[in-house]
Amino acid sequence: MKEAEIRRLLAANLLCVFSIILTAVLPAFFWDRFTVLGTHLTWLCICSVCVSTLNIVLHLVLKPNLTPKRSSFAHKISRFLKCCIYFFMSCILFHAIIVLYGAPLLESVTETFLFAVLLSTFTTLQCLCILGPNIQAWIRVFSKNGAMSIWETSLQITTMCSILGAWFGAFPIPLDWDRPWQVWPISCSLGATFGYMAGLIIAPLWIHWNRKQLTYKSR
Amino acid sequence: VDRFLHSYSLVAQDLPAEQLQRLQELFSSAVEEHTRLLAQVQGATLVPPELESRLGSLISRFQLYLREARAVCTQSWARFHPLRMLGGCTLIAASCLLCYVASELAAASDSFYRSCLLYPLLWGLMVAVLLGLACAFTQEGLDLLLVSSWAAAASQLGFFWHWWGQHPKRARLAGSQPPLASIGQRQRLQAWLGLAFPMSILLFRCGAMFSDSFVVAEARVAPFLLASLVMLLVGKLHWDGRLTVPEGPRQQLLGFSSYRREIWYLLCLVAMLLVCVRLSGFFHQCREEIPQCRPSLFLSPLASLRNTRAKNLFYLLCVALLAGLVYAVRSWLRHYGNLNSSDPLVLFVRWGFPLVVLCIACYWAVASSADDSLGKLQELVQVAVVAFPWAVYGLASMGLLLLLCNPMTVFAKDTRESAGSIVTPYLGVPSSEVDFLHVIPQIYKRMQESQKSRLERGSCKATIAAYGLGSVYSAALVIALTLLGFLLMLLHSERLSLAFLLLFLEAFVLLHIHTHARGLAGDAEPFSVPWYAVISWLLAASQFFYSTGHQPIFPAIHWNAAFVGFHLDHSTNLLPAVLVGANTFASHILFAVGCPLLLLWPFVCEMPGSQKRKPRKEHREELQEVEEHMMEMRLRESPGKFSTALLHLGLKYLFVLGTQLLACVCAAMILRRHLMVWKVFAPKFLFESLGFMVSSICLLLGISLVMRVDCAVSTWFRHLQLR
């Protein structure tokens, strides 16, 4: 049973990785001047939209947390609105944190905001899909021994890897190599993307390697 | 190569002229030979063999020319002593290791410290004397550098030898219990991981010294690392589950967890720190390596502003900030009861601080006035420009002297029965009835009081109430820091007082974050300062080096600080050096003197977990029975632990400073042939080493001040008990 679960997780994650690679490669066929570095803001939008739709679709299809709750239409609408509000708030929060870390305040606002949206897609949207708009569950998951299923462990790993990737992506900015990818926010968003993809691949492997030690408390 | 040598010799004179002449002749003869060969080859279709041999000899002549040119150029390069450089690096690395090992030593007996710290010092002195004698006998010149290096190496070897001698003993003692290998390994792994998180930030900081772009951009790297360290701290607390309410069984069943109420305060503090860090970026000076940088407009003095309204507004803002600083310090001292007594130091805080602010404000007003606007008052202005800074220097030195003489800011109220009588003494026969009437109410009051005290003796003993005893160490440090802050603000340009206010605010916020994190983590030992606190303190010190308008390059030195209070030339070099040095390393001075606050602040702000039965404004010390000690008096419960804690804090601070210095030194050594060595790495090395010396001296001064206060408190207690 657990092996099947891990295999499903691996398949879902590989599909996500593949979709991100597609967003980098495919639009060049439709639009001549599209490059990841050149038209970076467009790529950020496309990537965020694709990853979010894929995650929502995967969640609806796979339904990893099967909660047999009575879901009336109003309840579903309120949950959906709550999710949207949380996502938007997390975008604003990420934007504020990035500006406090040293990003320019008045210039390049669009770039900073789109980077914040990308980071929210990689972190908050995953939480919303897997855990729902339930703050207590989020607090529980992001603590030691707080994960209650394989999907939550995967969530921990992908979130931390994407944030670490964004942090490491800030390091090339002061270098004087004069490369096109050192312009703000390309290095950070590429770092976040690579971190997310690495997290997606590492998570099933790590879970598989530690499957004996990972015991989940049943509710 | 020939063209380059020719144009270089026109511009600079460090290549010797006769060698250049010889190279020029070599080159021109070879070129002539080459043209002759070409002319000969032009006509014939077949190349005869002797032409080929001449071609071969021509090639070797050109190669000889290139080798000679390279030799001439190499001779003009700077020469280094690789062996000495390596020796110096090894000494610094060994010192860092020594500081780390000594700071992790568990509190042990006196003899342990004597053997580990005193004997190596004696070893070093002995080696120094021996080497000095040897130099005198062999009649070589006394190379002070070599003698001191060997003495240092000898004392370090002595330390490691003594420590290693003690170490197996402790290991044997620990090994007497049966070890459980897996748990020991897991605990060690956890200890390593716990250490990894602050040390990785330190590693990144040291690694950044090896890249010229990162050294040039260090003004932005240090705040980035500080913000990352603080966020990592919060994240680690969250991961360890310290931020949530401890779960009861019902909550565990539901998977329900919520945040504690205190973490909102912690998050506010973190947000304030991030805002301070971001705002401090507005005071940076520019380097020429960054072409599109514009220097901060707060660096230019007010006298250079043309717009009178803006000048007045900025002036009022700066004076308001100074007044605000005095008000903040006074209200902090009043809150902890340190302003109640009538000691000279407290009187100085009450009256001297506003006077200092007044003098600084007058000095700024006079110095920023336009030259031509005051006309007839020119002479008065000249006198004022010298008199006001001298007044500030005098007041500040008086304050520091008062602090050293009597650092106690404690007010003792004696509520015991007064021995004296309150009845008016017998002055002979009472002359009128008024005197009779006067005496009887006094006798009645006296009888009432003695009755009351007899009844209350069971419940409340007569005590001596001491106000301000719970924060006596921190109060002395805060007063010293404020005085130093005023002195340093005088030496900077007027609008940089904004940066100093940010400095004090950020230090205050860092101390509170550290205190709250310890309170939330809960299981820490109160007498040790964790590594992340020391590293964040030092990152803040580096951040404010850049945010007070300095850069580690020579053109960025504020030379006009040497003329604050000295209108004309100086007679010696010492005084302007001290003034310029104090200006440049202002943030190092303030953070190093304030370092003991990292140990004292968690005691001053008692965190939940310790009892808070009595109100915070006063601290009552009962003499008949000694109750549990409160606030900083807990430090006096175990004086051995207190002094060990101070020693460990100092060693940790020196370790972090030492690793930064080691990184700069290694970078300068490894990259000595880099293109940017003279512009980037060598000035950075000089500034970092001078900053290290200034920080170490100020750290010693800060710790000595705390020990002086400790002596004064012990004397005060002795006097009380004698009474």
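**Exercise 1.** Place Leu122(B) in its helix and classify its exposure.

*Solution.* Leu122(B) belongs to helix α5 of chain B, helices being DSSP runs (H or I) of at least four residues, numbered from the N terminus. The model is predicted: local features need pLDDT of at least 70, side-chain atom pairs count only at pLDDT 80 or more, and totals for chains, interfaces and linings use all residues. Residues are numbered from 1 along each chain as its sequence is written, chains are lettered from A in the order in which they are written, and side-chain values use heavy atoms, without hydrogens and water. With a relative accessible area of 46%, Leu122(B) is partly exposed because this class lies between buried (under 20%) and exposed (over 50%), for a 1.4 Å probe and protein chains only.

**Exercise 2.** Determine which helix gives the most to the nonpolar patch of chain B.

*Solution.* The surface patch includes Leu122(B), Trp123(B) and Trp161(B), and its members together have about 960 Å² of accessible area. Helix α5 (residues 110-138) gives the most, with eight residues.

**Exercise 3.** Describe the interface of chain B and chain A and its salt bridge.

*Solution.* First, the contact (heavy atoms within 4.5 Å) takes 25 residues from chain B and 24 residues from chain A. Next, in chain B, Phe224(B), Trp239(B) and Arg278(B) lose the most area to chain A, together 30% of what that side buries. Finally, one salt bridge is found across the interface, where a side-chain nitrogen of Lys or Arg must lie within 4 Å of a carboxyl oxygen of Asp or Glu. Lys144(A) and Asp240(B) form a salt bridge at 3.5 Å, N to O.

Terms used
Patch = residues over 30% accessible without salt bridge, like charges linked within 9 Å, V, L, I, M, F, W, Y side chains within 5 Å. Areas by Shrake-Rupley, 256 points an atom, 1.4 Å probe, with all protein chains shown as cover. Helix = DSSP H or I, 4+ residues; strand = E, 2+ residues; numbered from the N terminus. Buried area = accessible area lost by both parts, 1.4 Å probe.
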